[in-house]
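Trainee: I am new to this structure and would like to learn how its labels are earned. Could you walk me through it?
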Amino acid sequence: MDGKHAAFLCGVVEGFYGRPWSMDQRRVLFQWMQQWGLNTYLYGPKDDLKHRLLWREVYSSDEEAQLRTLILEAERRGLTFVYALSPGQDIVFSSACDLSLLKRKLRQVSELGCHAFALLFDDIDHSMCQADSQVFSSFAHAQVSVTNELYQSLGEPPVFLFCPTEYCGSLCSPSVSKSHYLQTVGEDLLPNISVIWTGSKVISRKLTVQCLSEVEEVLQRPPLVWDNLHANDYDSRRLFLGPFKGREPELRSHLRGLLLNPNCEFEANYIPLHTLGSWHRAGCQDAKEDWEYCPEHALSTALQGWMEELNRPLHAGQHVNTHSSTSSSTHHNSSDRNQCSNLRETIPLPVFPLDPSSPPSSPPSSPPSSPPSPPRREASKEASGTVQRSRSSPGSRSEAGEGQKTLSQSRASTGGKGSLTESQVRLLVGLHYLPHEHGPAAHKLLQDLIWLKSNCHTVSANGKKSPPQKMDEWRGRASRFLSLCEDIAELHRRVVGGANRAVLYDLYPYVWDLRNTALVAKAFVCWLDGRVMNDSSALDSWRNCFQWCGQSTGGGDQTGVESEPWVFKGGVSGEVQMLLPVGGSTELFTHPPPLFPTSRLYNIRPYHNKDKVELYRIVRQLHLRAQAGQESCAHPDLIGDRCLGPCLALCPEYSFILEDELGVCGCVLGMLDVRSFTKRYQASWIPAMRDKYPPRAGSALINAQELVEHMLEDQGEYPDSLLYHFPSQLRLDALPELVDVSVSRSLLTALLTALKANGSQGVFCEVQPTDRQRLEFLTKLGFLEILRGEARSREGVVMGRLL
């Protein structure tokens, strides 16, 4: 059949790098495709060994049974099942043996009921082996020869696809119209074989009639677009939930078809595929109906259906008597929907406990009515060594905005755990939109951070006093930024506590990553208000903070610039990261998520004076725990005065607090310049401590006096060779109940951000060899690895560069 008159192929290609979808997920996919009017599925996952690496091997009997079932399911749903093979990495085109093995493999699949095939020669070396160069005049001739022979050996099936090695404009040499490779394909490939094309780029921002007409002329047939718009296999921190966009329906007249290669995470593809269906149906409509495709309208329609998916209980091995429906499905009956619902409810899934203190659990015997609340930390006797916690969040009102709420207030205002609201789902989509375009929320987040950073001189610690209206403007915008960061934290909590566990497993790493980045960014913006210094730093390495703050070092929106999206790693999280002073320290931001997600809310903020009592109590209790509950000093402040007091008194601007819904649960303290700090420590802090703990005969404070003398040793002499490269010092304390180590890493990152912003180039942390608890904690935190890989240990001193 002539390509111009064949049915338009529109659907999904499973062609990404990474773990292939499960058989159950593919069945759900087929149901979605039938509902939304899509008609073609191409099977070609790169990590299926027998698709690419071991293409010569035939399928076992069990694999045959699975593949046959999948082909029959596609046929039952009215879909064209296209089986793809990728032999290009090691095939010898001139080898009769390899050609015979290719025919055997495709014949086996044909006998299972498949009638559509694809040969893929993408992402391979252009060079030919010596044997092939003696037989074929070019690489293109070799591929075309083998493809034509296979096509004819299968009886010239109505759907046969060929993916060239030059599969997009940027890969063509010297250009699309002058590519000898494409010219050979167009001239010699049999006319009813369709050629796959991705557009001007591997991941094309837009597909235009002009570009498609050019390649159509060279190939002498309309191409079939393999669309990587939503593919995310090139960046582990990016996810694309936005609508199908940048492809006008009138392109159909220049195409054989369009297959979307979506996110690796199956549950992330509801909106991309739903809106693709809307695009396809718009092109199929009678011109008299004047129905145009609008991405924003299609997104709103898809959101309604996805919200039902997100909020529908889905547990391991459980059946729930509810069913999925979509407002766009107008020509399929409810029995199909019920079949899909029953299928989805029987998918076997692991179970993640929401309680961060509990071990993995078995599947519940019945669905819980609501997710469990965070555990309450009950107070116990101090002698047990258990840290007591208050239920409020002391000092959680930020100086950067009067609109800041405590975590408990924030949780109450959102109604606690429950279903995701439409605004939260829109926020989720907006933060993970499209590869070349941010959604409104992400755009606002980045623009506000850039502006706040560039204008932080209006609220600097030692600069000229700015007009009140300028300061109010900065703080008002800071308050809006902090509010958006709080919304991101709440979104993370709702996703983790959501009913649909399948969605949690696929989306959790991304919302978790963005939550952690937002925690650091929020703390940094709070810290900028009255703490960032002008150009009077004592550090020789300092080069004017405001010059740095005025730079927009993020990847940017790249609006109007068509570049491959992997140029800027990390998506919104990566761009926010690059706008921070330590943005280049990738190890601080990229690490595995915790095994057991927790829905607990966390906050990181600068220290306030009223936090001192709580911090002293925590560090004393941690000391008691280490001493097995044995009281070693009489005065309740002594441990706090030794461990935390100097930093809180002499440089509180480099102290950050970690809190959860129950209150303060950690802190990190820093000294920007150890040399000057040591002088102040000896001149003012030690005399104050001697006054506070005077020696008296027969007094219970005798032990305290010994510890005061130990304070002189705490801030000892450090060699110039150390302080030259590592002028700053830090101390990190956190409750051991924190299962999610990532929030402690975020707390550490917040301090490093502040130190770097005010001129530090390196930091160290002194740990006594006998302090096994602290050594174990820093090891668990990954402190030895996260600072540019240059951290090292020397006589109990852990050091790291801040480049």
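Mentor: Gladly! Let us begin with a network of salt bridges that links Arg56, Asp90 and Asp98. This is a predicted model, where local features need pLDDT of at least 70, side-chain atom pairs count only at pLDDT 80 or more, and totals for chains, interfaces and linings use all residues. Residues are numbered from 1 along each chain as its sequence is written, and side-chain values use heavy atoms, with hydrogens and water left out.

Trainee: What makes Asp448 and Arg477 a salt bridge?

Mentor: The term asks for a side-chain nitrogen of Lys or Arg within 4 Å of a carboxyl oxygen of Asp or Glu. In this pair the closest N and O atoms are 2.8 Å apart, so the label fits. Asp448 belongs to helix H13 (residues 440–454) and Arg477 to helix H14 (residues 468–496), so the bridge ties together parts 29 residues apart in sequence. Helices here are DSSP runs (H or I, at least four residues), as are strands (E, at least two), numbered from the N terminus.

Trainee: Why is Asp448 called buried?

Mentor: Buried means under 20% relative accessible area, exposed over 50%, and partly exposed in between (1.4 Å probe, protein chains only). Asp448 has 6% relative accessibility, so the word buried applies.

Trainee: How do you know that Asp637 is partly exposed?

Mentor: Its relative accessible area is 27%, which falls between the two limits, so Asp637 is partly exposed. Lys692, at 33%, is partly exposed too. Asp637 and Lys692 form a salt bridge, with 3.2 Å between the closest N and O atoms.

Trainee: And what makes Leu53 exposed?

Mentor: Leu53 has a relative accessible area of 53%, over the 50% limit, so exposed is the right word. Leu53 sits in the loop between strand S2 (40–43) and helix H2 (61–76).

Trainee: Why are Phe93 and Phe121 called a tilted aromatic pair?

Mentor: The whole structure has 20 aromatic pairs. Rings of Phe, Tyr and Trp (its six-membered ring) pair if their centres lie within 6.5 Å; planes under 30 degrees apart count as stacked, over 60 as edge-to-face and the rest as tilted. Phe93 and Phe121 are 5.7 Å apart centre to centre with 45 degrees between the planes, so they are a tilted pair. Both residues are buried.

Trainee: How do you know that Arg252 lies over the face of Phe8?

Mentor: The rule wants NZ of Lys or CZ of Arg within 6 Å of the ring centre and within 35 degrees of the ring normal. Arg252 is at 4.2 Å from the ring centre of Phe8, so the distance part is satisfied.
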